[in-house]
Amino acid sequence: MALGAYRASDGKTLWHRTVDSDRDESPVAFGGRVYTTGSSKVTARDARTGDTLATTPSGIKCPHLIAGGAYLVCSGSPNTAEDTFPALRRLDPGDLRPLPTAKDSGQKPERGLISADGVLMLFEVSPEDPVGGDWNAYDLNHQKKLWSYTTTTEQAGLVGGRFLTFTPATTAPPGDT
């Protein structure tokens, strides 16, 4: 696959590189770097030049990258039809070495967001019954699960340290108007 950088103002090609990347995975960019995953490895490239800066050590499975703040996490892919998934794996954005990571639920990860202070919110579903699931929050700095919220929606966002998602309901809770 080819990864390219283009100037936003006029579309001028800045660089192109052939990369080992899964077709269904978008590149992740922050801190002047672009990260791609090809399941068997993650590669960090300089965003200005496209030059390779680091790759994960062998044996690190990373079907899907989640990024937020200055954090980078590998998870299972939402596009898989399997029943088991690789464990969450936090990576050092500089050298892509694995860092200690909270133990996840083992369910199928569908969507993930990371707050600026290192809280990973991961929507996980049962592969046998993906109708509903749980938003699970993991502290990436202290390797622990913080909370869980059962719902049927994976739509969510982060703003000002707040996690926002829809709550399927037919009526408002008491006291809410």
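This briefing describes a loop residue, a hairpin and an open sheet in one protein structure. The model is a predicted one. Thr 56 sits in the loop that links strand S6 (52–55) to strand S7 (64–68), and the points below begin with this residue before turning to the strands on either side of the loop.

**Thr 56 and its surroundings**
- Thr 56 has a relative accessible area of 7%, and because buried means under 20%, this residue counts as buried.
- A polar atom of the Thr 56 side chain lies 3.0 Å from the backbone nitrogen of Val 42.
- Leaving aside residues up to four places away in sequence, Thr 56 touches Ser 40, Lys 41, Val 42, Leu 91 and Leu 96.

**The open sheet that includes S6**
- Four strands, in the order S3-S4-S5-S6, make up an open sheet with antiparallel pairing, and its edge strands, S3 (28–30) and S6, each pair on one side only.
- From one strand to the next, the twist averages 20 degrees.
- Strand S5 (residues 42–46) runs antiparallel to S6 and is joined to S6 by three bridges, with Thr 52 in S6 as the bridge partner of Arg 45.

**The hairpin of S7 and S8**
- Strand S7 is mostly covered, since four of its five residues are buried.
- Five bridges pair S7 with strand S8 (residues 71–75) in the antiparallel sense, and Leu 65 has Cys 74 in S8 as its bridge partner.
- Two residues lie between the strands of this hairpin, where Gly 69 takes a positive phi near 55 degrees.

Terms used: Residues numbered from 1 in each chain as written. Predicted model: local features only at pLDDT ≥ 70, side-chain atom pairs only at ≥ 80, totals over all residues. Heavy atoms only, no water. Buried < 20%, exposed > 50% of the residue type's maximum accessible area, 1.4 Å probe, protein only. Polar contact = N/O pair within 3.5 Å; in protein donor to acceptor, adjacent residues only side chain to side chain. Contact = heavy atoms within 4.5 Å. Pairing = 2+ DSSP bridges. Axes fitted to C-alpha atoms, helices over the stretch in contact; angles between N-to-C directions.
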